[in-house]
Amino acid sequence: MKGPSTSDYLARMVIVVALLALPFLVAQAQIIPDSLRPPPVAREFRGIWVATVRNMDWPSRQDLSTEEQQQELLAILDRAASLKMNAVVFQIRPEADALYESKYEPWSRYLTGTQGKRPDPAWDPLEFAVTEAHKRGLELHAWFNPYRAAYWREAPTASTHVTKRRPALVRPYGQYLWMDPSLPEVRRRMMQTVLDVVHRYDIDGVHLDDYFYPYPERDAAGAKIEFPDSSSYAAYRRGGGKLDKAHWRRRNVDILIREFYASVKGEKMWVKVGISPFGIWRPANPPTVEAGIDSYDELYADSRKWLSEAWVDYLTPQLYWPVQPPEQSYPVLLQWWVGQNAKGRHVWPGLALYKLAITGPRKMSADDIVQEVQITRDTPGATGHVHFNARILMDNVEGIAGWLAELYAEPALTPASPWLDRIPPGRPVAAATRDTAARELTVRFAPQARQKIARWVVQTRVAGSWRATILPGADRRYILKDAESNADLVSVTAVDRSGNASAAAIVRPR
């Protein structure tokens, strides 16, 4: 049997030393009864999509150096953390490629300018993003596109790309190359890619966007172009299949979604599975919604079924419309989606930050976004939201960063997912010591035994008022300065990866 590595041994020794030291510190502090516990911290998913396709959000160009790419990514993470957001949804497979080290798919053209060309100097953007996000207390959800093989069908592809290795899986459609969703090998490739990432990276979630069967393309005459899967459908019928083509297409996508959820849970139960479908399931659902793509019959995405069958941990319908008019109304659609959630999964709608930067009748304002965040908070069953997209936030279009800073004035934990795990961590070990001369209060904390902690909630009471701070799970110390150092009570709560919170360790500083 292989023994522990040097790094494992050192990590264990750090834990042992911390646990040996803390009892002495705790002995210096008076343990306070739970009756003095602080108010609960807010629970709200506050996410931002970071799109890499067409260099939409990151990296801004394909000719940046490794250092420049890293600095751009750190700036996005810093902005999210400074606004007290708590999650980043990072696109790593935009077109059967990889923005990470993969043995299955080639390096993305959006990273290096040439598909299949590795970064130089070498680095792994996903590993970097996970590490840096966690340092900032942010969840990192890896975002995959399941079927798109190329955004431009004329674009050169690497020798290791699916278009070269398995061209029989690929269909041209409009400007795109698309993998045929009906083919079992396409599903196997997708699952192989996802599970490789889940296994090797410390991600918090996996995420699929709204591209299943492609959005309808039209020819020069304006006629809808049929997706070229007639040969696949004919083979299905010859094999005894009875479904009509529309039901068959939905069944193909349903199989992927069901297997996707089950396979991720088989690898790591705590990794959340999310999908962000088009925001209208079908026109007339609800009755006032009269306009919009029929995602059920055009994208063949039965997203209502995925939610009602609990094939997701969270659904993020893209509700990219303002409060009015009623035929595409944000609150009306949100209420409808919440009503489809019979099994109590998370509903975290997508908000159209990108519409702040457009012109014409589809434009939205920062006030629209503020209203929609508030409406979401007031809607029972909706417990968060995700903004599209990061470039708008970084450019601070219409001063949106300032508006979000006001909305997110207080920190928030992501909502718990009790169907994944209901057992909270044990009460942490905590102590607080005051240095009056330096006007500093140092709070030290550690988990019981070897429990994995995702977040710490440190709450301090100053002059009768409680203040909360959420810290990364790797932290073991928090220093308060100046007026904050006058806290007379300190509470420390441990939170695990499923969002379960421990009993608070409440101490009086000495």
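In this short talk I will go through the strands, helices and cores of the structure above, which is a predicted model.

Let me begin with strand β3, residues 45-50, because six of its six residues are buried, so that β3 is largely enclosed by the rest of the structure. Its side chains divide between two directions, with Phe45, Gly47 and Trp49 pointing one way and Arg46, Ile48 and Val50 pointing the other way, and all of them are buried. What does β3 pair with? It is joined by four bridges to β14, the two strands running parallel, and it also pairs with strand β4, residues 87-93, again in the parallel sense and over four bridges. Ile48 is a useful residue to look at here, since its bridge partner in β14 is His387, while in β4 Ile48 stands opposite Val88. Between β3 and β4 the chain crosses through α2, and this β-α-β crossover is right-handed.

That brings me to helix α14, residues 400-407, whose buried residues are Ile400, Ala401, Leu404 and Leu407. Seen down the axis of α14, these buried residues fall within an arc of 120°, and therefore they line one face of the helix. The elements that cover them include β3, which we have just discussed, together with α2 (66-82), α12 (366-377), β14 (384-387) and α13 (390-395).

Turning now to the nonpolar cores, the largest has 125 residues, of which Phe90, Leu126, Ile203 and Val206 touch the most other members. The element that gives the most to this core is helix α8, residues 245-267, with seven residues. If we set aside its neighbours within four places in sequence, Phe90 is in contact with a list of residues that includes Val50, Trp58, Leu73, Leu126 and Trp143; Val50, you will recall, is one of the buried residues of β3. Apart from the largest core lies another one, of 17 residues, among them Phe445, Trp456, Leu480 and Ala505.

Next I would like to show you an open sheet of three strands, in the order β16-β17-β20, in which the pairing is antiparallel. Its edge strands are β16 (429-435) and β20 (477-481), each of which pairs on one side only, and the twist averages 15° from one strand to the next. β16 and β17 form a hairpin with four residues between them, and in the turn Arg439 has a positive phi of about 55°. Seven bridges join β16 to β17, residues 440-446; within this pairing, Val429 has Ala446 as its bridge partner, and Thr433 has Thr442. On its other pairing, β17 is antiparallel to β20 over five bridges, with Leu441 standing opposite Leu480 in β20, and Leu480 is also a member of the 17-residue core. Five of the seven residues of β17 are buried, so this strand is largely enclosed by the rest of the structure.

Finally, a word on a loop residue: is Gln340 buried or exposed? Gln340 sits in the loop between α11 (330-339) and β12 (346-347), and its relative accessible area is 17%, which means that it counts as buried, the cut-off being under 20%. Not counting residues up to four places away in sequence, Gln340 touches Arg304, Leu307 and Ser308.

Key. Residues are numbered from 1 along each chain as its sequence is written. This is a predicted model: local features need pLDDT of at least 70, side-chain atom pairs count only at pLDDT 80 or more; totals for chains, interfaces and linings use all residues. Side-chain values use heavy atoms; hydrogens and water are left out. Buried means under 20% relative accessible area, exposed over 50%, partly exposed in between (1.4 Å probe, protein chains only). The arc is that of the directions from the helix axis to the C-beta atoms. Contact means heavy atoms within 4.5 Å. Two strands pair if DSSP finds at least two bridges between them. Axes are lines fitted to C-alpha atoms, for helices over the stretch in contact, and angles run from 0 to 180 degrees between N-to-C directions. A nonpolar core is a set of buried Ala, Val, Leu, Ile, Met, Phe, Trp, Tyr and Cys residues joined through side-chain atoms within 4.5 Å. A crossover is right-handed if, with the strands pointing away from the viewer, the path from the first strand over the helix to the second runs clockwise.
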